[in-house]
Amino acid sequence: MAAAKTRTSTFSRNLSTAAPSHGPGLKCGPNGTVFLSSGIPDLDKILGGGFPLGSLVMVMEDAEAPHHMLLLRNFMAQGLVLGQHLLYSSPARDPRGFLGTLPSPAASKDDKSRERDPDQEKGLRIAWQYKKYFGENQLDGQRDGKHEYSNEFDLRKPLERHFINGPRIDCVSIQDCPDLSTLRDRCATFLSQFPRNDGSISCAGRIAIQSFCAPQRAYSNMEWDMLSFIRSLKSMVRSSNSVAIITFPPSLLSPSFCKRWQHMADTLLSVKAIQDEDKELAQLLTGYQDMVGFLNVHKVARINTQVPVILEATTFSIKLQKRRYLVLECLNQAPVDGSSGTSYGTSGGCSSSSKTGNLDF
Amino acid sequence: MNQRSSNLLDEALGLDEVIEPWPLRGQVVAIEDQVETSGSFVLHHLLKRSLSPNSSNVTIFIAFSQPFSHYDRILRKLGCNLVSQRDNSRFFFFDMLKLQCPDGDEGITPEGGLIALYGKIHKTISALPEISWKNVSIIIDDLSLMEVAANGSSDYVLDFLHYCRTLTSEFDCSLITLNHEDIYSSEDRPTFFIQMEYLADILIKAEPLATGLATDVHGQLTVSNKGRNKVSNFHFKVKENVVECFYPGRS
């Protein structure tokens, strides 16, 4: 770098990086970071823009429901649709089969009909819900310009063949790897295509590792090997223009190692199933039939900054709007009356008494 | 302002008055944090203090966690230019992100890798003019990743820390480390962690508030200063250019 050798003050304006233009699917974020979309517009908004390049995202699975697959599918499809490269690894014998389940972007004319169900009581706007509507209006206005960066995906429409058969996808089955060094080498080769330098970024990569757990043959020191794999993946990703997402079942790890994995992540999410037996929830929630689970945001990536991100809410309900579009919604306390038709949810814990209209505190 | 708001933390550490000679010389400072509340900001603050223009301190930074660019940007907002400090030989950055010590197959044992690191540190310090020996800080970010780099051989990591401890007596260096307390609290025998706490002269714990997350208060710090026989507890809020510390109930 041709930096001046003697700097008299501690501050110097960096004129060379005046908003470089990047390839599709990338946008500049604060502190010199560049984001790519998670494939779920609501999640991008929650995370302050998307996943920053060079970060490691980890998702803690719930053994009772495969919601992490929803996150993975959208993440992978988003990359393919925008011409980004993808490396996908899973424990399945033939990971390529999973690519057939990737969703296609929703047709743009559907966007208009995808407005939140017009609330019958538009006139009855109560003050404490005002904020929710205000934020929503802003989002809709920006929707049109965003297709270069992120898409709404239609989970019922499979991704077109030509995206899946392109040369930009590599698949690895963990079963084929005698030990993790094979996977590590594949990742290294993949990531070498996107080295990070100071110029504009032509092309970005995505790595999706599903259900990362021990290879078939368990051996001693395995837990440390997995951890050192994650560490080397993270440092490779740091020095490249890519994002890696790893989903894993926390129940298969000892508590201490689970904490180590959580500390490794830049962005840490977890998904939870909705308990089926909780029929009381169905009485207290509207839109319950659309709610498939919960998403928790434990940690948001802090690259190039020391200020933590404190979200207003960390738990969101995962809903399938019209059974097609993945949306994330804040959980709200139901009004005391509990019988109105507006769409408010309540968190799973406070529904111990089941009679409608009779809430005990 | 800047000086005033960090005062609670500086006070607890003895950094509020004179910082030349370096008040933490010969001492081991252990910072502990959790997933919910990161303690890296304490590290950044100490780094900034040690590279202050009022002191002639030299800092050796052993990074397992983030690359140089990350710290550079953060410290720049705090008012410290790491690039020029590096050029002036006041700041030495050892990038250990890629250090991996496999189990002896490729000739680099975990022990070997850490011994080499120690050798590098020793060499760097010895190469400094003797007058600087009294003012060296070694910062390690972070210890749990050093264990991973050593493939789980926490004994070797402990040995490494003991070697560094000898540096604090031989050269009067200070050793500042960051580790994650919640990893070890779930272990059956957290020997490594307990040893580290025992070694430390000053223990700084960053924890979330008992009441949970808040935008105005990011957590609480508990500073146990064995030398001064003092325990301080206060709340903090981390900003880009400063850390605000205040007693509960005040701002």
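In this predicted model, 34 residues of chain A are in contact with 47 residues of chain B. Together the two chains bury about 3,400 Å² between them, and carbon and sulfur atoms give 54% of that area. On the chain B side, the residues that lose the most area to chain A are B:Val35, B:Val148 and B:Ile183, which together account for 16% of what that side buries.

Polar and charged pairs also cross the interface. The rule finds 3 salt bridges between chain B and chain A. One of them links B:Asp182 to A:Lys259, with the closest N and O atoms 3.9 Å apart. There are 14 residue pairs in polar contact between the chains, both residues being at pLDDT 80 or more. Two or more residues on the chain B side come from each of α3 (40-50), α4 (68-78), α7 (143-149) and α9 (181-185) of chain B. Of these, α4(B) gives the most, with 7 residues. By class, this side of chain B has 19 nonpolar, 15 polar and 13 charged residues.

Chain B also contains paired strands, listed here.

| Strand pair | Sense | Bridges |
|---|---|---|
| β7 (residues 219-225) and β8 (residues 230-238) of chain B | antiparallel | 7 bridges |
| β8(B) and β9 (residues 243-246) of chain B | antiparallel | 4 bridges |

Within the β7(B) and β8(B) pair, B:Gly219 has B:Phe236 of β8(B) as its bridge partner. The hairpin of these strands has 4 residues between them, and B:Asn229 there takes a positive phi near 55 degrees. A hairpin through 4 residues also joins β8(B) to β9(B). In that second pair, B:Val243 of β9(B) stands opposite B:Val238.

Terms used
Residues are numbered from 1 along each chain as its sequence is written. Chains are lettered from A and ligands numbered from 1 in the order in which they are written. This is a predicted model: local features need pLDDT of at least 70, side-chain atom pairs count only at pLDDT 80 or more; totals for chains, interfaces and linings use all residues. Side-chain values use heavy atoms; hydrogens and water are left out. Contact means heavy atoms within 4.5 Å. Buried area is the accessible area (1.4 Å probe) that two parts lose on being put together, summed over both. A salt bridge is a side-chain nitrogen of Lys or Arg within 4 Å of a carboxyl oxygen of Asp or Glu. A polar contact is a pair of N or O atoms within 3.5 Å; within protein, one must be able to donate a hydrogen and the other to accept it, and residues adjacent in sequence count only if both atoms are side-chain atoms. Ala, Val, Leu, Ile, Met, Phe, Trp, Tyr, Cys and Pro count as nonpolar, Asp, Glu, Lys and Arg as charged, and the others, Gly among them, as polar. Two strands pair if DSSP finds at least two bridges between them.
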